[in-house]
Amino acid sequence: MTSLPARLVLENGMVFHGAAIGAQGVVSTGELVFNTAMTGYQEVITDPSYCGQIVTFTYPHIGNYGVNERDVESGRIQAAGIVVHELSRTVSNWRSNTSLQSYLEEGGIGGIEGVDTRQLVRVLRSQGSMRCVIVHSSEATDEELVAHARSVPSMTGLDLTSRVTTDTVYRADVENQEWGYGDAATAAKRFRVVAVDFGIKRNILRRLAAHGCDVTVVPAGATAQDILSLQPDGVFLSNGPGDPAAVTQGIATTKDLLGQLPLFGICLGHQILALAVGATTYKLVFGHRGANHPVRNMRTGAIEITSQNHGFAVDASTLPDGVEVTHVNLNDGTCAGIAIPDKTAFGVQYHPEASPGPHDSDYLFREFVAMMEHVGAA
Amino acid sequence: MPRRTDLQCILVIGSGPIVIGQACEFDYSGTQACKVLREEGYRVVLINSNPATIMTDPDVAHATYIEPITPEFIEKIIEKERPDAILPTMGGQVALNAAVALHDRGILAKYGVRLIGSSIESIHKAEDREQFLAAMQRIGMDMPRGGFVTSESDGLAIVEETGFPVIIRPSFTMGGTGGGIAYNVEEYRTMLRSGLVASPIGRVLVEESVIGWKEFELEVMRDRADNVVIVCSIENVDPMGVHTGDSITVAPAQTLTDREYQRMRDAALAIIREIGVETGGSNIQFALNPANGRMIVIEMNPRVSRSSALASKATGFPIAKIAAKLAVGYTLDEILNDITKKTPACFEPSIDYVVVKVPRWDFEKFRESDTSLGVQMKSVGEAMSFGRTFKEALQKALRSLEQGRYGFGFDKAELCVLGTPPDTELAPLRQRLRTHTSTSIFDLFDALRYRLTTEEIHRLSKYDPWFIEQCREIVELGLAVIERARQAGKDALESIDGPTMRRLKSYGFSDQQLALMTGTSELRVRTRRTTLGVIPVYKTVDTCAAEFESETPYHYSTYGAENESVPSTNRKVIILGSGPNRIGQGIEFDYCCVQGVFALRNLGYEAIMVNCNPETVSTDYDTTNRLYFEPLTFEDVMNIVDHERPDGVVVTFGGQTPLKLAQRLADAGVPLIGTSPEGIDLAEDRKRFGELLDRLGIPCPPWGTALAEDEAVDIANRIGYPVLVRPSYVLGGRAMQICYREESLRSYMANALAQDPTRAVLIDHFLENAVEYDVDAVSDGVTTVIGGIMQHIEEAGVHSGDSSCVLPPYNTADRHIATMIDYTERMAKAINVVGLLNIQYAIQHDTVYVLEVNPRASRTVPFVSKATGTKLAHVATQVMTGTALADIDVEPFRLDMNRVAIKESVFPFTKFPRVNVFLGPEMRSTGEVMGMDSTFGRAIVKSHISAGNGLPARGSVFISLSTHDKTDRAAGIARGYADLGFTILATGGTASFLRDHNVTAQPVLKHYEGRPSIIDQIANGEVHIVINTPLGENARYDEFIMGQTALKHKVPFFTTLAAAEASLQGIIAIREQQFSATSLQDHYAVRNGH
């Protein structure tokens, strides 16, 4: 296969040359981030939290095991583009249906390969996540492309949840339990949970179901009234893309729900929970994206190896009294989890649903269920 | 949790001699452990019988015992040192077995010593297959069908369930000794029997075959707070059925989706928790059915392993070091990641490169052996490589092997031609693809060159399609370049433009391959490449895929855009390492390199190491100031030299590997330090060396060189038979032979010339019945200091690397010693040796002859250094960087050193069941042990025990003498055994000879004379020592069988009178029962006080 020459141009003026991958001729723009997980590219690119972002994979061979129908976190590719060192043309896995190249083509998503991705990561790590553009033609000059990159909207202040949330209220019909794990892989449905979809990953729905939750998904714009009318035992605040501070409706809804019933937030949902109690969030230099981040559970002292994907974080110093920091990221000391015990609400910055990543934190779903159990019994 | 304060003194158990399946990796892990424990303020006591290790350097532990690793000797050490705890997880299977034995004998309880790092319970659970199976069932793991058998009849019953092929694994053996795959009942019966014998408890596991499945391994660590992390995943390129040690492996896993990987990770966590490894590392192997993803657990090692050394080097996460810290009570989150120095060690490394490990086999040393690969490990070493793609890493790893291959094919003229193969080649190729052998990877190259489909290759070889296709990309690019080069004709090299050159290099092609592909020289390729601006960059191994900053200078080359290794402006010296272990070149040279590094750092130099052996201490980034994990080829070394611009490069510590490069490096203007290439050549070029000896008036056996059969015969007639023949420039005595007659000389010559008609054959008169000596010395060209003089126990004719030797010499006239010292000094001066020097001498008929001079580190340097306490390589480094010997405080060797050190070699014969066990001029040992004590007898007993051939105190001795050994000396030896109460057994001729010399011998039947024969008696345990001196070149069939039988039943087997005689003294010492364990530090203290 002879591919078109491609360029990746950053807002700081750096130009990387490589070859086009994915849908040929597509222009991709977005915030350039990197992910250090060595497996799970399919889950990553279909994760709605990557909406508006171009993902650099640090592992140099991507696409080795192809793409299958099941390991998806949403119905389509969500990332705006990908940057890899080498895209594997060969696919080898018994579950694979197609190659990553074909999957990208079908999704109309472009990207670039043949880039010194390690160099790129070193740039992003020191200068921070950047806006960028990938083109598959030599028409535009580098200068024009730098200008193009700088015209991409900044992530800060951007509410992207409307782009990825569901239009309708639906009851999660969860398939794919043969990959279940943990002690609650096939629990009977005992609790009604409403999940607010800010860009929810499918594995969250699978894990909630595995722990005995009957889940109804509502759009990001749902009000507390909308939610309470469904008479849930608990509410789940999902992950999602963009700046949490810009998700004003979600924050307002959460404020209204706090204290009324158990709340559990993951990632953006966790940030929304923190914002709802008056804390602030801030943008990290280059974020946390990978499957190897150590987090300490401050209550037990135990370490979890976690899956992470966030560009913003909760400023722990702004948390009001009554909010406990339950988890801390050991790499940089950032807030990784909070709990508001007297309002039966908690959230974690990382991804206990994994996918991709380790299953160490699956117990959080159990804790959510226990919380609903406890409240129900009271 | 902070470190434990209830412990003051910790005993670390090493792994003993290097054997197949247990090599330098335990020197690496043990050294790290000792360093860590010492830094933590514990008193560290170490036992290891292997003197060639860095860990037995007296500076590593507080008390270093080079003693047999047996419960008896360990008890003596415990009694003396009173350790609070034993760390048994750093010394491989040897150390674990020792710990179990200490427990079983109640020694741990008696002295109140605890095990740290692992418990007896978890060792049993992991190692006892029955308990392991039960444990796996408890946590719901899928296992292969099958079960345990302790008898042949049980075995035949169980195979009804599993079907064929079936896997046989003897319990409690290391490296799969005695195991195998049986495809039919007949084969099955044979393997079952040998497995039952090999297992110390006489039990064998018979399991459903998962041959052809994919194989994976996870390296897991757990702390006492129950935090668990996976350090690394490894995927085998070779399918199940090939021992992991014999497989090409890749890190990280390449073909698992995240779900599959996490399922494996969940299983690993559950397993380490169930087995109960509380603090430390383990590796767990899995097999995956490629058709449906069924995953089964194969096994688990509750200790650091060869794989953990590999994983440590591959990720930068030092497993042994962290395991040692966990063992004394730290938790993972309390330990900082060494490399980032900011983030905790409680994380899982993410790597942004591909690591490939390729095993190295030395089958040519064991010509009769079967080169097919199975569940029993046969490789003797390995090379590892980094690349940004699998293609690059594979090609670099293959050229790192130094077996005349420069990458994945395209490295011989006949592999650089285009066109379709004749059908006659395809059928055998298909056959070869079906059987895994040491050259399978090159069969894959042929298959791709001949464009067999991936489906077919996969069907035949079971290589995963992903690996096949990656390799195909290499081959297709190669073929395209050859095609273009052919069209370009004379300008073939110029047909490679910049982008193509960059692409080729990023696919791992070496300059040497490109030279063959374009019909030019390597140097011209290098010039063209650098002119095109295609030079490598050096990336950093940082555990975190560049997410965090790291200062650790641990680098590998690739052809990317950004270089991260910024050379300093300090004074610096590069030491070239010794590459993969092989017979004749192993840990001894790594010891010398590491000593060199230590010395350079002391002297204020920046020490830069280049090596590609993942097992070693030298490739620990902690050892050096800067580590380049790179192949040791001219191209790769020159790239580093061009990049670093060092003040000096050392080629004389790493054995033949760097030495081979010396001349080319010097020609390229590289500042070599130490003895000049001119001096090296003077010593190695027989003609020039012969002239030098003539000039100095130093005798050597008459010799000649021949390029033709008749010429060889003429020389032999002139110098007299027997003759020792060998190709020029060899290490480890490759292809060396003693010819007693013209016919055998002719057949040797015909064979040698067929292999390489351009290489002259060296012919030396062989000094029969001579006694050999090794002298190690250091010289600065003016002054020479003798480091040690060793006398070989076996007569001349046994390779010096295989022979046992004694330091100081034990029955040598003072005047001969003086002559050897005089010759050494004169030759050192004449060759202008700057650094280390090794000379082999032989004494025959009262004359001292020089056999060979090696102006470089020798295999005996660590032995001499441990025996005498003088660190020769350290002193040599000082000399090589310009200090005069006169200005260095170094104690010369003294004969009256009031102790005797004996080196004994260890052989891999149990791994190669059809191989001749008689020693000869070709080296075949894999490792060595040292026995040291106040008398010769006691030292030899220790060395025998350490080598696994413990001497009996009483019993029967079988003696069979060759005609020419029927001497008074032989009779005296027999009488000696008889006087000690041994029953003498002998076959016809020898029995009557002994009777003539008044030694009573009971006659026994030879193998072909009827039964019960001597073979039956050995097998029945009725013979306790075998003395069998073979005649001439080929052992007779019955002698061969006898050797095999003795080996199998672990009966001491002596093939020379000298060895039988020496052991006699050992048996006397055993009777006296006065053994003690003495640390090196105590030995040296006595000497200093002397």
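## A question to start with

Which residues of helix 3 of chain A are buried? Helix 3 covers residues 117–127, and its buried residues are Thr117(A), Arg118(A), Leu120(A), Val121(A), Val123(A) and Leu124(A). Right after helix 3 of chain A comes Gly128(A), which has a positive phi, near 95°. If you have the structure open, this helix is a handy place to begin, and it will come up again below.

Please keep in mind that you are looking at a predicted model. The model scores ipTM 0.97 and pTM 0.95. For chain B, the average pLDDT is 92, and 98% of the residues score at least 70.

## Chain A as a whole

Chain A has 10 helices and 19 strands. Its C-alpha trace spans about 65 × 45 × 40 Å along the principal axes. A compact globule of 378 residues would have a radius of gyration near 21 Å, so the 20 Å of chain A agrees with that expectation.

How much of chain A is buried? Buried residues account for 60% of its 378 residues. Turning to contacts between residues at least 6 apart in sequence, 77% of those in chain A join residues at least 24 apart.

## Strand 6 of chain A and its neighbours

Strand 6 of chain A, residues 81–84, is covered on both faces. Gly81(A) and Val83(A) are buried on one side, while Ile82(A) and Val84(A) are buried on the other.

Strand 6 of chain A also has strand partners. Strand 4 of chain A (residues 53–57) runs parallel to strand 6, and three bridges join the two. Here Ile54(A) has Gly81(A) as its bridge partner, and Gly81(A) is one of the buried residues just named. Strand 8 of chain A (residues 110–113) is likewise parallel to strand 6 and joined to it by three bridges. In this pairing Val84(A) stands opposite Glu113(A) of strand 8. In general, the strands of a sheet pair through backbone hydrogen bonds, in either a parallel or an antiparallel fashion.

## Two domains in chain A

Chain A divides into domain 1, residues 5–150, and domain 2, residues 161–377. The C-alpha centres of these two domains of chain A are 27 Å apart. Where they meet, 24 residues of domain 1 are in contact with 24 residues of domain 2.

Which elements give two or more residues to the side of domain 1 of chain A that touches domain 2? They are strand 3 (28–35), helix 1 (41–45) and helix 3 of chain A, the helix we began with. Strand 3 of chain A gives the most, with three residues. By residue type, this side of domain 1 holds nine nonpolar, 10 polar and five charged residues.

## Chain B as a whole

Chain B contains 37 helices and 38 strands. Along the principal axes, its C-alpha atoms fill a box of roughly 80 × 70 × 65 Å. Chain B has a radius of gyration of 28 Å, which agrees with the value near 31 Å for a compact globule of 1090 residues.

Of those 1090 residues, 61% count as buried. For contacts in chain B between residues at least 6 apart in sequence, 71% join residues at least 24 apart.

## An open sheet in chain B

One sheet in chain B is worth a look. Five strands of chain B make up an open sheet in the order 3-2-1-4-5, with parallel pairing. Strand 3 (63–65) and strand 5 (114–115) of chain B are at the edges; each has a single partner strand, so one side of each has no neighbour in the sheet.

At one of these edges, strand 2 of chain B (residues 43–47) runs parallel to strand 3 and is joined to it by three bridges. Among the residues involved, Ile47(B) has Tyr65(B) of strand 3 as its bridge partner.

## Where the chains meet

How many residues does each chain bring to the contact? Chain B brings 45 residues and chain A brings 41 residues. On the chain B side, the elements that give two or more residues are helix 9 (258–275) and helix 16 (465–488). Helix 9 of chain B gives the most, with six residues. The residues on the side of chain B that touches chain A divide into 20 nonpolar, 11 polar and 14 charged.

Definitions and conventions
Residues are numbered from 1 along each chain as its sequence is written. Chains are lettered from A and ligands numbered from 1 in the order in which they are written. This is a predicted model: local features need pLDDT of at least 70, side-chain atom pairs count only at pLDDT 80 or more; totals for chains, interfaces and linings use all residues. Two residues are in contact if their C-beta atoms, placed from the backbone, lie within 7 Å. Helices (H or I, at least four residues) and strands (E, at least two) are DSSP runs, numbered from the N terminus. Ala, Val, Leu, Ile, Met, Phe, Trp, Tyr, Cys and Pro count as nonpolar, Asp, Glu, Lys and Arg as charged, and the others, Gly among them, as polar. A residue is buried if 20 or more other C-beta atoms lie within 10 Å of its own, exposed if 12 or fewer, and partly exposed in between; C-beta atoms are placed from the backbone. pLDDT is the predictor's confidence in each residue, from 0 to 100. Two strands pair if DSSP finds at least two bridges between them. The radius of gyration is taken over C-alpha atoms; the globule rule is 2.2 Å times the number of residues to the power 0.38. Domain bounds come from an automatic or database domain assignment.
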